[in-house]
Amino acid sequence: MTFQIDDSDQEKLKLVFSGRLDIDTVAKLWDSCQLTLSKYQPHILVLDLKAIDYCDGAGIALIQNLQKQQKQLHKTCIVKELKPEFQHLIDFIEHQPHQNSVQHEFTSNLSEQLGQIAVDVVQDISDNLIFLGILAYQSMLVLFNPKRIRWKDFWRFVDITGPKAFPIVALTGFLIGLISTFQAAPSFQMFGAEIFMVNLVGLGLTREMGPLLVAVLLAGRTASSFAAEIGTMKINQEIDALSTMGINPIRFLVVPRIMATLLVTPALEAFFILFGLLGSFVVMSYLGFTLDAFLTQLHQAVKVKDCLGGLVKIFIFGWVIAGVGCLHGIKTRFGAQAVGVSTTQAVVSSLIMLVIVDGIFAVVYYVLQV
Amino acid sequence: MEHKFIIKITSLVAKYGKYTVLDKISFTVMPGEIFMIVGGSGCGKTTLLNHIVGLLPPDAGDIIIDGKSIVHAAERERLAILREVGVLYQSGALFGSMNLLQNVQFPLEELTNLPDQAIREIANNKLDMVGLSDFKDYMPAEVSGGMLKRAAIARAMALDPKILFLDEPSSGLDPIIAAELDKLIENLSQTLGITFVIVSHNLASIFKIATRVILLDQGKIVAIGSPQQLSGNADPFVRKFFNRELVT
């Protein structure tokens with residue numbers, strides 16, 4: 001493929017192509033042609049294609065692009081001596097009937113775009129409130145009439161959310177207990193107060209780290225799984241099928257998942273704390289403390305109200321995580337990509353909600369002196 | 001009160017944002033008919049079906065099913081109307097976590113007080129009707145596209161509805177399986193007297209089983225009648241659609 005520039009005429013620029021104008025040669029030629037055009041800015045551009053042996057879709061695209069650029073500048077482009085078989089390709093592309101777009105594009109200015117964003121935000125909040133309302137109503141119906149729940153599904157969700165999450169919860173709890181005791185050891189040793197590390201870890205695990213870290217694990221595991229599962233059902237029209245059968249999708253899909261999560265989260269938290277204390281004891285025993293000393297100190301440090309405070313927290317965290325996961329599943333739009341988006345949003349929203357709710361708990365517990 | 005029609009749509013308007021998808025659509029469906037809604041891709045067929053089955057609220061107009069308006073019905077009444085209809089979705093929409101038998105049993109378990117044994121019996125019968133009795137333990141992912149559609153029809157028929165809505169039943173099926181499905185629809189219509197409302201653009205099915213057809217274009221009904229009437233219609237678009245010619 002060769003490409004020559006004939007600029008002998010001031011008004012007219014002639015580009016002479018020869019050889020093959022295909023996907024490989026066009027890749028090399030494209031930028032040179034653009035540069036030449038912008039350098040000369042001719043009134044008349046002549047594309048001499050007499051010596052072209054072969055031209056494919058890429059070649060046609062190059063010719064059309066040069067024509068389009070000249071047309072946009074109200075200048076002329078003459079295609080000279082293109083072989084009929086290649087001209088036929090251009091004609092075929094240009095004369096295909098175009099289907100009118102079904103969706104009309106509406107141009108909008110900044111104020112309209114801001115307005116649209118505000119409307120979307122209000123709509124989103126309103127959707128969430130409606131969802132919470134329906135969820136509360138459907139949960140009440142199930143509580144008053146337990147036959148309304150599909151127990152088979154409920155136990156499946158209990159299994160997914162609880163026992164299957166046990167290994168990761170136990171491992172994380174053990175490591176957190178172990179690491180936090182190790183980290184605290186040097187500071188406490190300076191004051192000869194190593195035994196009080198049990199207070200630190202015991203209170204930390206029951207009041208804050210236990211509920212929060214179990215909730216973070218659930219957000220990654222459970223919220224994402226709920227969103228993906230319900231989202232896939234949405235794009236497979238299974239939720240439409242439920243609606244047209246006259247079955248409320250929230251009762252069928254959301255309520256069992258939330259109830260299962262509420263049932264297992266306190267157990268998961270208990271396991272997390274247990275393994276956290278085990279991890280802490282490993283370090284304490286390395287430092288020379290007996291199990292008896294460890295348990296006595298723990299008993300003195302951690303009160304029932306601390307455990308109950310953590311329990312209330314994890315209960316609410318579980319409700320938020322399962323609710324947010326299911327909500328994002330239900331709000332899934334169309335296509336496989338939408339399921340991915342919902343899953344990500346479910347995890348991100350759950351984590352944000354966790355931080356907010358945890359902040360509210362901190363204030364409430366402070367005021368109530370819990 | 002006797003109603004000559006089983007479905008009556010009056011001046012139905014549906015919009016997506018500022019774009020009008022259905023523009024004052026009106027038609028009636030008679031009991032026992034195999035009524036087909038046809039038209040090019042994106043002309044509003046599925047949107048119309050979603051409105052009739054109450055999945056979307058219309059912007060204007062009314063939809064009467066078996067003498068009751070699904071648009072103005074309170075929740076309890078709406079559920080009662082939905083008991084009279086079954087829907088087959090384009091994808092089949094069978095629940096992936098249940099086998100075929102459990103899928104058919106599902107509406108019976110949820111919406112009736114029948115004992116388990118009766119539910120199993122009815123579900124087995126429905127699967128027999130669509131020729132899937134040997135596949136009742138299979139999961140939806142383990143059966144072919146044609147079997148999936150037939151199982152979905154069995155589920156849609158679980159509560160013995162008066163009307164079955166089918167959204168593109170033959171999409172993604174080879175011509176032989178599609179013809180088998182047509183035969184099944186015809187049999188069910190003749191033996192059980194079910195009214196079928198079918199969204200399709202499969203010309204072979206339209207000519208084979210449809211009693212009456214409406215043709216939609218850009219959200220409006222451009223023709224209504226039997227397939228034979230429409231293929232000889234004077235309107236060039238209608239004629240070309242039914243004779244599979246290019247629209248210029």
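A residue counts as buried under 20% relative accessible area, as exposed over 50%, and as partly exposed in between. Keep that scale in mind for this tour of a predicted model.

**Stop 1: two loops with unusual backbone angles**

Start in chain A and select Glu81(A). At 45% relative accessible area, this residue is partly exposed, because 45% falls between the two cut-offs. Find it in the loop that runs between strand S4 (76-80) and helix H3 (84-94) of chain A. Its phi is near 55°, which is positive even though Glu81(A) is not a glycine.

Now jump to chain B and pick Glu168(B). Here too phi is positive, about 45°, in a residue that is not a glycine. Glu168(B) sits in the loop between strand S7 (163-167) and helix H6 (175-192) of chain B. Is Glu168(B) buried or exposed? With 10% relative accessibility, Glu168(B) counts as buried.

**Stop 2: strands of chain B**

You've just met S7(B), so stay with that strand. Show it together with S6(B): the two pair in the parallel sense, over four bridges. To see one of the facing positions, select Val87(B) and look across to Phe165(B), which stands opposite in S7(B).

Next, turn on side chains for strand S6 (residues 85-88) of chain B. Val85(B) and Val87(B) point one way, while Gly86(B) and Leu88(B) point the other, and all are buried. That fits the usual pattern: in a regular strand, side chains alternate between the two faces of the sheet.

There is another sheet to colour in chain B. This one is open, has four strands in the order S2-S1-S4-S5, and pairs them in the antiparallel sense. Which strands are at its edges? They are strand S2 (19-29) and strand S5 (68-69) of chain B, each of which pairs on one side only. Zoom in on the S5(B) end, where strand S4 (residues 60-65) of chain B and S5(B) make two antiparallel bridges. For a residue pair to click on, take Ile64(B), whose bridge partner in S5(B) is Ser69(B).

**Stop 3: where the chains meet**

Show both chains as surfaces, then hide one. Between them, chain B and chain A bury about 2,100 Å², with 60% of that on carbon and sulfur atoms. On the chain B side, select Tyr19(B), Phe95(B) and Glu110(B): these lose the most area to chain A, together 25% of what that side buries.

How many residues does the contact take from each chain? It takes 25 from chain B and 21 from chain A. Eight residue pairs are in polar contact between chain B and chain A, with both partners at pLDDT 80 or more. Helix H2 (75-83) and H3 of chain B each supply at least two residues of the side that touches chain A. H3(B) gives the most to that side, with six residues. Colour the chain B side by residue type and you get 14 nonpolar, seven polar and four charged residues.

**Stop 4: salt bridges across the interface**

Three salt bridges cross the interface of chain B and chain A. Select Arg150(A) to see a couple of salt bridges that reach chain B. One goes to Glu110(B), with the closest N and O atoms 3.2 Å apart. Another goes to Glu109(B), where the closest N and O atoms are 3.0 Å apart. Glu109(B) is in helix H3 (residues 100-111) of chain B and Arg150(A) is in the loop between helix H4 (110-144) and helix H5 (151-161) of chain A, so this pair joins two chains. Arg150(A) is buried, at 13% relative accessible area, whereas Glu109(B) is partly exposed at 32%.

**Stop 5: salt bridges within chain A**

Follow helix H5 of chain A to Arg156(A), which forms a salt bridge with Glu229(A) (3.4 Å, N to O). Since Arg156(A) lies in helix H5 and Glu229(A) in helix H7 (residues 197-235) of chain A, the pair ties together parts that are 73 residues apart in sequence. Arg156(A) is partly exposed at 32%, and Glu229(A) is also partly exposed, at 24%.

Last selection: Lys164(A) and Asp159(A), whose side chains meet in a salt bridge (3.0 Å, N to O). Asp159(A) is partly exposed, with 32% relative accessibility. To finish, select Arg150(A), Asp153(A), Arg251(A), Glu109(B) and Glu110(B) together: salt bridges with shared partners join them into one network. Over all chains, the salt-bridge count comes to 17.

Terms used
Residues are numbered from 1 along each chain as its sequence is written. Chains are lettered from A and ligands numbered from 1 in the order in which they are written. This is a predicted model: local features need pLDDT of at least 70, side-chain atom pairs count only at pLDDT 80 or more; totals for chains, interfaces and linings use all residues. Side-chain values use heavy atoms; hydrogens and water are left out. A salt bridge is a side-chain nitrogen of Lys or Arg within 4 Å of a carboxyl oxygen of Asp or Glu. Buried means under 20% relative accessible area, exposed over 50%, partly exposed in between (1.4 Å probe, protein chains only). Two strands pair if DSSP finds at least two bridges between them. Contact means heavy atoms within 4.5 Å. Buried area is the accessible area (1.4 Å probe) that two parts lose on being put together, summed over both. A polar contact is a pair of N or O atoms within 3.5 Å; within protein, one must be able to donate a hydrogen and the other to accept it, and residues adjacent in sequence count only if both atoms are side-chain atoms. Ala, Val, Leu, Ile, Met, Phe, Trp, Tyr, Cys and Pro count as nonpolar, Asp, Glu, Lys and Arg as charged, and the others, Gly among them, as polar.
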